[in-house]
Structures are given as C-alpha cells and as structure tokens.
Amino acid sequence: MKTKMNRRHAMQHQGALFDVPGIEGARWKSVCAVGEYPVTHPSPRTAVVLADALRWMAEAPENSIHAIVTDPPYGLLEYEDKDHDKLRDGIGGVWRIPPSFDGANRIPVPRFTVLTAKDREHLTTFFQAFAFHALRILVPGGHIVIASNPLVSTTTFHAIETAGFEKRGEIIRVVKTLRGGDRPKNAEKEFPDVTVMPKSCWEPWGLFRKPIAEVTVAENLRRWGAGGFRRISGEEPFRDLIECAPAPKSERALAPHPSIKPQKLMRQLVRAVLPVGTGIIYDPFSGSGSTLAAASAVGHHAVGTERHPSYFAMATGAIPALAKISIGDSDDDGA
Ligand SMILES: C[S@@+](CC[C@H](N)C(=O)[O-])C[C@H]1O[C@@H](n2cnc3c(N)ncnc32)[C@H](O)[C@@H]1O
C-alpha cells in the first residue's frame, strides 16, 4: 500500500513519470516501487524515498542502478539521534562550532577527532554492509563516487574495497573548510607559532567500480551502459581534481541542511558517472537532495533514500528550485 504522499506526487506527474522508452522505463518503474516506503517525485525523473538506505538497498532489484553518488554520514554518529540532537547547540558530541576570529557566526561542523576505536569498528561494519548491497544492485561496471573526510576516509574506503569493489582512484575536491589550523586550545598565546592540525583545504571522494562482466570495457558499455566516465568534451577527459567552494548562500537558503553539497560540484559528478548518458543514479544518503537536484538539472534519472523525515521533506521541496539554479549566476560565498 503506497502512502497518500506517494499517490499525490505520482498523480502530479502522471504520464511524464514513467514515460521512458523500453527497458529503461521498466527499470525506473521497478526502482521507484521498491518496498512500502513513502516516496515523492519532485520532478518527473526524480524519486525521494523516506527509508533507511541499507533496508532499501536490500530490497532493490539486482543490476538496476548505474551509479551511486553520495555524501554519507562520514563518521556515522553525527547523524545518529544522540549526536544529531546536539547539532542545534553545537555543544558536545561530534558537532562543534568552529572558533570565530572575525566576529561572524559559524555553523556547527562535525569533528571526527572524537571517534573512538569502537566508533571506527562500527564505521567499518556499516560500510561493508553498504558495499555488500551496492555490489548486488549496481550493474557490472557501475561506479560508486563517495565523499569522505581525510580523518576517516581510509576506514570507509578500505571497507568498500574489501567487500569486492575495485578502487579506481579518488577525486580531490579543493575546498577551504573550517577544519584545523587552530593553535593549542587555552594555550594560544604560549604557542603562537603552532598549528595542531593543518587547515583542511581538500575533500577526498572515493572512486570504486563493480567489476565489469564482459571481456572489455567497450563490450560492458554496450551491454550495461557502465564501466567508465563521461568525458567533459571531445578534447577533455573527466579529471580527478575539482576546485569547488562550499554551497553558496543562495543554495543553503533553499535547502538548509548542515552538510549540503554545491550544485556546481554535484552536476559535474552526476554527469560523469553515466558514461553513455543514460541510466539511473542512486544517492543512499540524500539529505536535502543536492545529488538528485543535480541529476535532474543535467537530465538524468535519480533516486535517493533519506531516513530523517525533516530532511526527506526538505529535499522534496528544495529539489525543483536547486535544479533550476544557474551555476554561472551562483554566488561562491559559502562558509
Ligand atoms: C552528509 S548528509 C548528506 C547531505 C547531502 N549531500 C546534501 O547535500 O544535503 C548525510 C545524510 O544521510 C542521512 N542518513 C544517515 N544515515 C542514514 C541511513 N542509514 N539511511 C538513510 N539516510 C541516512 C542523514 O540524515 C543525512 O541527512
């Protein structure tokens, strides 16, 4: 039985929603119908599902997804109820308000230096389970493009690799963050020349591929539509270095999620992961829907799961507006 919300939104786009020719249409329909979860369709090619990612993935059809592009909870605990409740105040747990030297109000950011050995074990188990399901639902040659943080990426990436994915490199996103660069706490004057951790200026995105099923990449591209990345143009290959500032104020106003990713970055990634230009993208941890909005903007089908009801509602409302943003016009003033 589908929910009222599902029926209402499906009716809004009746006709257009599953209007995809041939086998791709059937596949999109089956992906949208997974389980008995509330689903909204903010645009004809987009589905947002209120569900736990691992449960949804366990029920999704085999070989139905062409690529996973996601910005997961890096340390897991920051989006668990106990720590997520502390986000409002920025006090305690993993969320901290970075020191302000210019009088400007800072928003809380998760600090992964607080992770214990047990938290890291949990991180490994979680991402092994994620990769186990991803290996089944991705088509052969399908990629995972997954954001992380230099303090936890080795743990996350190792878990995905040992579950059976090929590591295909990392994209380095050059971005100034509010992490690191501080003098020793309560001894700033005593050690004016010391920085405890380097000021963080980059973000790793792990690249993984489900092994191809055909003898060559060309054959795999023909049969499964996956195995490589779409070039930027005839002259320019897709590259593993992308400079991109945090989401600008205009995007954060539309989707006030603490971890929103900018459209400028997400549109480059979602375009690149469908090498032949068609297929279905999945974002397991969709938050405010920035991946889904980017996919909608470049004309791709995308489904996302989000387990927090308020972020699910935020994504449903924000995706059409985020998808309409013109990158050239967007202000690069993110903090
Ligand atoms: C880092 S945020 C993603 C933010 C997103 N990239 C954006 O631009 O808004 C991770 C999201 O995953 C959600 N989440 C955490 N665990 C989840 C799970 N097991 N299943 C589905 N969603 C989950 C959190 O509620 C959070 O919104």
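**Note on the predicted model: sheet, helix packing and ligand shell**

1. The centre of this note is an open sheet of 9 strands with mixed pairing, in which the order is E1-E2-E11-E10-E3-E6-E8-E7-E9. Strand E1 (39-40) and strand E9 (241-243) occupy the edges, and because each has a single partner strand, one side of each is left without a neighbour in the sheet. The model is a predicted one, and the points below should be read with that in mind.

2. For the chain as a whole, the secondary structure comes to 11 helices and 11 strands. Of its 335 residues, 42% count as buried. When contacts between residues at least 6 apart in sequence are considered, 71% of them join residues at least 24 apart.

3. At the E1 side of the sheet, E1 and E2 form a hairpin with 5 residues between them, and the two strands run antiparallel, joined by 2 bridges. Within this pairing, Thr40 has Val48 of E2 as its bridge partner. Val48 also belongs to the set of residues by which E2 is covered on both faces: Thr46, Val48 and Leu50 lie on one side, Ala47 and Val49 on the other, and all are buried. Strand E2 (46-50) is accordingly described as mostly covered, with 5 of its 5 residues buried.

4. How do E2 and E11 run relative to each other, parallel or antiparallel? They run parallel, and 5 bridges join them. Two of the facing residues can be followed directly in the structure: Val49 stands opposite Thr305 in E11, and Leu50 stands opposite Glu306 in E11.

5. Strand E11 (301-306) deserves a closer look, since its covering can be set beside that of E2. In E11, 6 of the 6 residues are buried, with His301, Val303 and Thr305 on one side and Ala302, Gly304 and Glu306 on the other. In a regular strand the side chains alternate between the two faces of the sheet. A colleague checking the model may note that the charged residue Glu306 is among the buried residues of E11. On its other pairing, E11 is joined by 4 bridges to strand E10 (residues 280-283), and these two strands run parallel; Ile281 stands opposite Ala302 in E11.

6. Helix H11 (residues 309-324) lies across E1, E2 and E11, and it runs at about 165° to E2. The hairpin of E1 and E2 and the parallel pair of E2 and E11 thus both involve strands that H11 lies across.

7. Further along the sheet, strand E6 (residues 138-147) and strand E8 (residues 202-209) run antiparallel and are joined by 5 bridges, with His143 standing opposite Arg209 in E8. Strand E7 (residues 166-174) contains Ile171. Why does Ile171 count as buried? It has 21 C-beta neighbours inside 10 Å, and a residue is buried if 20 or more other C-beta atoms lie within 10 Å of its own. Leaving aside neighbours within four places in sequence, Ile171 is in contact with Trp205, Leu207, Asp240 and Ile242. For one of these, Leu207, the C-alpha atoms are separated by 7.2 Å, although the two residues stand 36 apart along the chain.

8. Among the helices, the axes of helix H9 (residues 263-272) and helix H10 (residues 290-298) come within 8 Å and cross at roughly 65°, and the crossing is right-handed. From H9 the contact draws on Gln263, Met266, Arg267, Val270 and Arg271, and from H10 on Ser290, Thr291, Ala293, Ala294, Ala295, Ala297 and Val298. By class, the residues of this contact divide into 7 nonpolar, 3 polar and 2 charged. An α-helix has 3.6 residues a turn, so residues three or four places apart point the same way. H9 is mostly covered, in that 9 of its 10 residues are buried, including Lys264, Arg267 and Arg271.

9. Which residues come nearest to the ligand? Of the 20 residues around it, they are Ala53, Phe285, Gly287, Ser288 and Ser290. Ser290 is also one of the H10 residues in the contact with H9. The shell around the ligand divides into 8 nonpolar, 7 polar and 5 charged residues, and helix H3 (53-59) and E11 each supply at least two of its residues.

Key:
Residues numbered from 1 in each chain as written. Predicted model: local features only at pLDDT ≥ 70, side-chain atom pairs only at ≥ 80, totals over all residues. Near = placed C-beta within 6 Å. Axes fitted to C-alpha atoms, helices over the stretch in contact; angles between N-to-C directions. Left-handed = near helix turned anticlockwise from the far one by under 90°. Contact = placed C-beta atoms within 7 Å. Pairing = 2+ DSSP bridges. Buried ≥ 20, exposed ≤ 12 C-beta atoms within 10 Å, placed from the backbone.
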